[in-house]
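Okay, thanks for making room for me today. I'd like to walk you through a few spots in one structure, so let me put it up.

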Amino acid sequence: MNTRQKHTMAPNEQPIRFYKLIALTFLFLTIILLGIIMFMSSKRATIIIESKATPVDISDSVLIGKGNVVGSLKGNVASKVVTLTKDFSPTGTREEVGKAEGVVTLHNDSKINQPLVATTRLLSPDNILFRMKEKAVVPAGGTVDVAVFADVEGGSGNIEATNFTIPGLALTRQKEIYGRSAIAMTGGVRQIGVLSAEDIEKAKGQLKSEIEKQTQEELSSDNLAMTGVFSTVDDSYESSAKAGDEVSTFSVTGKATVLGVFYNAEDLQNMANKFLERRAVDDVEIVEPSKNPPTVVVEDFNLEKGTATVQIFHSGVTLLNPESKQLEKAMFFGKTKDEVRRYLLKLDHVRSVEIKFSPGWMRAVPYVGEHVDVVVKEVQ
């Protein structure tokens with residue numbers, strides 16, 4: 001009779017199988033979790049925003065003086081009165097025909113004095129005839145200067161320095177008695193200056209500029225540490241001749257009161273920059289002031305109080321602020337490309353938007369800030 005052997009599980013074998021199952025389950029879950037982490041860490045989004053600056057400018061009034069008025073700038077206000085006279089020449093001319101005149105030196109190489117009467121003829125090599133104005137005696141072995149005039153009117157008498165013969169003398173005597181001029185003859189055709197209203201106004205303008213320049217230098221010398229802006233607050237001018245007068249020169253006298261307003265350039269620049277910053281819309285914009293200093297113009301003044309109101313003109317550009325709350329990464333979490341694009345294009349200064357997802361089959365921006373890059377590029 002055979003006896004069957006019956007196998008029974010040992011009491012400690014069942015817990016071992018249970019623990020193996022737990023370990024395998026934990027390993028499986030760990031692999032899945034690791035896969036999820038790797039998947040999530042590979043998701044990235046880059047949002048590239050092209051932004052274009054917009055010009056902006058301001059115009060505002062500022063009080064400058066020695067007081068401590070809120071919103072004003074400390075400075076100095078001074079004035080000076082200057083009177084100046086200067087000569088000018090008219091630009092218009094007319095021609096006047098006359099007889100050329102000049103001086104001829106008569107030479108006598110003989111040993112006998114030679115008397116000559118008034119109107120004695122003197123002839124140039126080009127046959128231009130002149131006559132002596134007065135009688136004269138040319139001393140033997142000497143010279144004498146005589147005034148002469150052309151025989152006929154016109155420009156033909158305006159000749160350069162040359163030699164002269166005396167045709168009224170005998171040929172042999174002409175070789176001993178002759179003339180030479182040292183300078184050109186003039187007056188055959190004369191240019192007569194004719195003063196015009198434009199000449200007078202132009203002269204006044206030039207004189208005003210010189211008065212202003214002189215006064216500005218004098219006022220600035222008393223305020224060397226400050227920047228100044230100037231204004232002519234009162235001026236008058238008087239010409240020595242009137243339009244239509246025939247003059248070679250005329251004079252203009254001018255009297256002007258020039259105002260100087262002096263201030264610290266850095267303080268004014270800071271104030272102008274603050275005025276510009278007010279033009280920014282919320283925090284989506286930042287303002288970048290121009291590198292050029294503000295333009296300053298005197299608007300009003302009070303010499304008794306020592307104050308002046310100036311108009312400040314300053315310019316700059318407004319830019320998209322990369323640090324704006326509207327560009328925080330959290331604003332894009334979970335949004336599709338189209339949603340991101342529509343959102344950004346509503347903002348000022350945004351010209352175009354480019355969104356890149358990695359991997360390419362992603363459909364939305366990941367929720368992890370470290371995996372989102374927001375880049376703002378400025379374009380011209």
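Let's start with an open sheet of three strands, and keep in mind that this is a predicted model. The strand order is 19-1-20, and the pairing is mixed. The edges are strand 19, residues 350–358, and strand 20, residues 372–379, each of which pairs on one side only. Going from neighbour to neighbour in this sheet, the strands are turned by 15° on average, ignoring direction.

Now look at how strand 1 meets strand 19. Strand 1 covers residues 44–52, and its pairing with strand 19 is antiparallel, over eight bridges. If you want a landmark there, find Glu-50: Ser-352 in strand 19 stands opposite.

Next, the helix. Helix 5, residues 337–345, lies across strand 1 and strand 19, and runs at about 155° to strand 19. So which residues of helix 5 are buried? They're Val-340, Tyr-343 and Leu-344. Looking down the axis of helix 5, those buried residues fall within an arc of 90°, so they line one face of the helix. For anyone who wants the background, an α-helix has 3.6 residues a turn, so residues three or four places apart point the same way. And what covers the buried residues of helix 5? Strand 1 and strand 19 are included in that cover.

Okay, leaving the sheet, two single residues. First up, Gly-316, which you'll find in strand 18, residues 307–320. Buried or exposed? Gly-316 has 10% relative accessibility, and the cut-off for buried is under 20%, so Gly-316 counts as buried. Leaving aside residues up to four places away in sequence, Gly-316 touches Thr-54, Pro-55 and Val-56, along with Leu-276, Glu-288, Pro-289 and Ser-290. Ala-256 is another story: Gly-316 and Ala-256 are 60 residues apart in sequence, and their C-alpha atoms are 36 Å apart in space.

The other residue is Thr-120. Thr-120 sits in the loop between strand 6, residues 114–116, and strand 7, residues 121–123. With 11% relative accessibility, Thr-120 also counts as buried, because that value is under 20%. A polar atom of the Thr-120 side chain lies 2.4 Å from the backbone oxygen of Val-117. Again skipping residues up to four places away in sequence, Thr-120 touches Phe-130, Arg-131, Met-132 and Ile-166.

That's my tour, so over to you for questions.

Notes:
Residues are numbered from 1 along each chain as its sequence is written. This is a predicted model: local features need pLDDT of at least 70, side-chain atom pairs count only at pLDDT 80 or more; totals for chains, interfaces and linings use all residues. Side-chain values use heavy atoms; hydrogens and water are left out. Two strands pair if DSSP finds at least two bridges between them. Helices (H or I, at least four residues) and strands (E, at least two) are DSSP runs, numbered from the N terminus. Axes are lines fitted to C-alpha atoms, for helices over the stretch in contact, and angles run from 0 to 180 degrees between N-to-C directions. Contact means heavy atoms within 4.5 Å. Buried means under 20% relative accessible area, exposed over 50%, partly exposed in between (1.4 Å probe, protein chains only). A polar contact is a pair of N or O atoms within 3.5 Å; within protein, one must be able to donate a hydrogen and the other to accept it, and residues adjacent in sequence count only if both atoms are side-chain atoms. The arc is that of the directions from the helix axis to the C-beta atoms.
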